[in-house]
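Please look over the chains below before reading on. The report takes the chains in turn, then their contacts.

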Amino acid sequence: MENITSTIQAVPLNHYILLSAIIFTIGVIGVLVRRNAIIIFMSVELMLNAVNLLLAAFSSYSGDASGQVFVFFIMALAAAEVAVGLAIIVMVYRNTSSIDINILNRLKW
Amino acid sequence: MSTLIVISILAIVVLYLGLFKAKQALLPISVLGLVAALALAIMEWNSNAAPIFSGMMHFDNFAVAFSSICIITTILVFLLSKNYFEKISDNVAEYYTLILFALSGIIVMVSYHNLSMLFVGLEIMSVSLYILAGIKRKDFASNEAALKYFLMGAFSTGFLLFGIALIYGASKSFDLAVIAQYVIDRPTGIDPIFYVGLVLMIVGLCFKVGAAPFHFWTPDVYEGAPTLITAFMSTVVKIAGFAAFLRLFSICFAPLQDFWMPTLLVITILTLFVGNITALYQTNFKRMLAFSSISHAGYMLFAIVALGAASTNAIFIYAAAYAVSSITAFAVLMLVKAKTGSENFEDFNGLAKSNPFLAFALTVAMLSFAGIPLTAGFIGKFFVFNAALAQYHTWLVAIAVVNAIIGVFYYFKVIVAMYFKDNQTKQIATPAYFNFVLGVSLIITLVLGIYPSFITNLF
Amino acid sequence: MSLFYVVAFLSIIFALLVIFTKNPVHSVLYLIATFFTFTIHYIILNAQFLAVVNFIVYMGAIMVLFLFVLMLMNLNTDTEPMKSTLLKVVGAIAGGCLLVTLVGSMKTLSSASTTAMDNTGIGLVENLGKVLFSDFLLPFELSSILLLAAMVGAVLLAKKDNKTA
């Protein structure tokens, strides 16, 4: 326990923010450059996880538990969204036999 | 609070009614339940409520006003739904349930006092809408709408959450009062991550309300979704989005106006021009309504840019006017589409001869959209512009007036089609429910336009 | 201290692999690896309950669901036609701009917020439970509506319908 605590104290909070920002940006790039709906969706999950990590870090560093509680709500949302999102993707796939988002584009994004 | 409980329980009751095959009872019970919820909401008016549940929710006058208008609009949408869902699928009860769930999320969105409540409310609404957009499962456009809405919605949620996380990191709390205090306590030297969080939240919220440059999903989703759902999305959902936007900014970020005002200003001007100019080129009435809803989002953003004491009132009046006109337009569109099978402007040719009442109602709605005097839309625009003028944004109002004039062109296209073009169509039968909804909307539009003092002094 | 940097490096590598691998199944597997590194981050942060929940919910439930859908639809080959290079470059540049803006604006972060935590027990179940069921009771109850709506919707959309629309 002592060991863990001293580990955290050695890492500045800025580095957690930086890490979250990088992961978040990777998620955003994934949404922008990929065309497979499932991979776009996974990139969104990356973005949500970056937020989770950031909240957990803020919460630990400030000694306030509400940030970690908020992470629960995000996880509940992620579970709900995955269920609905995959149902939508399955439905689209049944009709078009493809999940390439460009097939769905009669107009530009 | 009791409103929220009633609506949530109502949704579950309706779900059970579907289980017991009581299809005839669905509509009456939903509407009765909503009327009860409306009554409970109005009873809280001026009760000086304090934040409840450890500061999670604050059912103040703002919340009462916006939840009332959302509930009333939902009732009107429900009245249009008679025999609509039955054509799509057997699972009618589930559709009512999902709309009610979305409404309960909206009630949370207009009464939140903690960012976690904003998040949960927004997501309850969004998740229900992703599903509702896709209920025509065999229809390609509906599939496209659902998928696109879902991906864009989830993407924007990411931005909103990152913003919330950064604001939490700076202020150490999700509570609106604490965040507001944080801003007030530090006239200078607010943590830079707070500003980044603020910008990301603006991006997330602009996605949700469909403001340019984050509007690109709106036309396709509005066109692809079933018309009744589009009516719900472009009225209730949009109003709720703006209520949440305004609540956040007026409570928390008002002292930082110098920082976010230029950003929102650019977004507003872009939204107005993109919405109005693209709407000019549309041949499909539903798509035109989608672009016009973008431009109306621009007018409502106006009141947030000029944040002040009058903003709430301005947005409230504008939202009320916009909601009733939209409901009329979508109701007529549903009838015309049921008759002709398509949604283009030509389908409205000669409507004035074959069905004068429909044509008249639609004309009034279009005039109200365009902001012609003696309609509610004029009063709405007047108050929004007034709020901006009070802050000396004269040239901004000039831009908005130019846009209002552009708007007149495409709204009049429909009126011209109805009155001055001929077409040998038979009379469209209007069910009693539709007549009722059209009549109510017509009366509200005209009464607000002629005697606006009913709701101009609410706040 | 160095543990954090090793794990952070791994997180970034796996996250990059998620979005740049052609085969969707590999993407899912890399995503699982990314989530595993996040679990380690939570342990480093002493957020033990979050670590367990992240492990069970994300890596257990959500990722299995992804894999199921990919396998059911037989998408395990790299069928995806790539986007035009222009669009890719534009996307990457937009993402890069976002990163530069984020990092640049946060660089001036006040040093006061880097103080170590004073309460080491906040990530434990007992403490989190107390906060969740007192302060955050209302959003907790409301998430049940969210989950119910998602459940109704998922069944509604994915179930085979006998009646043709």
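Among the contacts in chain A between residues at least 6 apart in sequence, 44% join residues at least 24 apart. This is a predicted model. Chain A holds four helices and zero strands. Its order along the sequence is α-α-α-α. Of its 109 residues, 69% count as buried.

Confidence in chain A varies by element. The mean pLDDT of the chain is 81, and 80% of the residues score at least 70. H3(A) has the highest mean of the elements of chain A, 90, and H1(A) the lowest, 56. Where pLDDT is low, predicted coordinates should not be read in detail.

An unreviewed UniProt entry annotates residues 15-33, 38-58 and 70-93 of chain A as "transmembrane region". The model can be set beside two of these spans. Residues 15-33 of chain A are 100% helix and 0% strand. The end C-alpha atoms of that span lie 27 Å apart. Residues 70-93 of chain A are likewise 100% helix and 0% strand. There the end C-alpha atoms are 34 Å apart.

Next, chain C. Its secondary structure comes to six helices and zero strands. Read along the sequence, the pattern is α-α-α-α-α-α. Chain C has 165 residues, of which 30% count as buried. In chain C, 57% of the contacts with a separation of 6 or more come from residues 24 or more positions apart.

**Contacts of chain A**

How many residues of chain A are in contact with chain C? The contact joins 64 residues of chain A and 71 residues of chain C. On the chain A side, two or more residues come from each of helix H1 (2-10), helix H2 (13-33), helix H3 (37-62) and helix H4 (66-96). H4(A) gives the largest share, 22 residues. By type, this side of chain A has 46 nonpolar, 14 polar and four charged residues.

The contact between chain A and chain B takes 32 residues from chain A and 30 residues from chain B. H2, H3 and H4 of chain A each supply at least two residues to this side of chain A. H4(A) gives the most here, with 14 residues. The residues of this side of chain A divide into 24 nonpolar, six polar and two charged.

**Helix H1 of chain B**

Helix H1 of chain B covers residues 2-19, 18 residues in total. Why should this helix span 26 Å? The expected value follows from 1.5 Å a residue, and the end C-alpha atoms are 26 Å apart, so the two agree.

Which residues of H1(B) are buried? They are B:Thr3, B:Leu4, B:Val6, B:Ile7, B:Ser8, B:Leu10, B:Ala11, B:Val14 and B:Leu17. An α-helix has 3.6 residues a turn, so residues three or four places apart point the same way. The cover over the buried residues of H1(B) includes helix H2 (23-43), helix H3 (61-80) and helix H5 (92-111) of chain B. Helix H6 (137-158) of chain C is also part of that cover.

**Positive phi in chain B**

Most residues other than glycine have a negative phi. Three residues of chain B are listed here with positive values.

| Residue | Phi | Place |
|---|---|---|
| B:Lys21 | positive, near 60° | follows H1(B) |
| B:Phe53 | positive, near 55° | loop between H2 and H3 of chain B |
| B:Ser54 | positive, near 45° | loop between H2 and H3 of chain B |

Are the two loop residues B:Phe53 and B:Ser54 buried or exposed? B:Phe53 has 18 C-beta neighbours inside 10 Å, so it counts as partly exposed. B:Ser54 has 15 such neighbours inside 10 Å, and therefore also counts as partly exposed. The cut-offs are 20 or more for buried and 12 or fewer for exposed.

**The largest nonpolar core**

The largest nonpolar core has 285 residues. Which of them touch the most other members? They are A:Ile88, B:Met109, B:Ala240, B:Tyr318, B:Ala319 and C:Leu146.

B:Ala240 can be followed further. Apart from its neighbours within four places in sequence, B:Ala240 is in contact with B:Cys70, B:Ile106, B:Met109, B:Val110 and B:Met125.

Definitions and conventions: Residues numbered from 1 in each chain as written. Chains lettered and ligands numbered in written order. Predicted model: local features only at pLDDT ≥ 70, side-chain atom pairs only at ≥ 80, totals over all residues. Expected span 1.5 Å × (residues − 1). Contact = placed C-beta atoms within 7 Å. Nonpolar A, V, L, I, M, F, W, Y, C, P; charged D, E, K, R; others polar. UniProt positions renumbered as here; feature names shortened; annotations may be inferred. pLDDT = per-residue confidence, 0-100. Core = buried A, V, L, I, M, F, W, Y, C linked by C-beta atoms within 7 Å.
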